[in-house]
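Hello,

Here is the structure I said I would pass on. My notes on it follow below.

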Amino acid sequence: MLEIEAAGLAAEIGLQDAVAEDVRAEIFAFRELDDPTAAQHWMVDDLVHGTIADAAQNKFLATTIRDLRRRTHIFDTKRIPERRLPGAQEHLDILDAVVGRDKELAQKLMAIHLDNIRTAIVDRIIGRVYKA
């Protein structure tokens, strides 16, 4: 819920084009890797989510999101590889909604992204094959 709210606030406030382009470049580079490490996954993932949290301009919210994310760095694209490319596209879509200052779309896309991650993690835990 916090990240959904952060996405909405970030869209209301907007994100500098240069910042968005830097984040996009990292996502594109990540997508091109043949076999990314967990560290590479978390660097890009944290960059995307952290940039959006910072853009919300609420220090408490951003700090809380980062703290919760650190506590949940359990599953990365090594453990759920089928989420790597769909997750990267979801990141790009969320970023576009924030840059476009579309609050409702940014919130909706963040909610879908987080739901997709949760589903993939639960599927992995119970041994069900994740379907993107």
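Helices are DSSP runs of H or I with at least four residues, numbered from the N terminus. This is a predicted model, in which local features need pLDDT of at least 70 and side-chain atom pairs count only at pLDDT 80 or more, while totals for chains, interfaces and linings use all residues. Residues are numbered from 1 along each chain as its sequence is written, and side-chain values use heavy atoms, with hydrogens and water left out.

Salt bridges come first. The term means a side-chain nitrogen of Lys or Arg within 4 Å of a carboxyl oxygen of Asp or Glu. The whole structure has 10 of them. One joins Asp67 to Arg70, at 3.9 Å from N to O. Both residues sit in helix α4, 3 residues apart, which is about one turn of the helix. Asp67 has a relative accessible area of 26%, so it is partly exposed (between 20% and 50%, with a 1.4 Å probe and protein chains only). Arg70, at 56%, counts as exposed (over 50%).

Another salt bridge pairs Glu21 with Arg24, whose closest N and O atoms are 2.5 Å apart. These two are 3 residues apart in helix α2, so about one helical turn separates them. Arg24 is buried (under 20%), with a relative accessible area of 14%, whereas Glu21 is partly exposed at 46%.

A third example is Glu90 with Arg83, at 2.5 Å from N to O. Glu90 and Arg83 are both buried. Glu3, Asp45, Asp46 and Arg69 are joined into one network by salt bridges that share partners.

Regards
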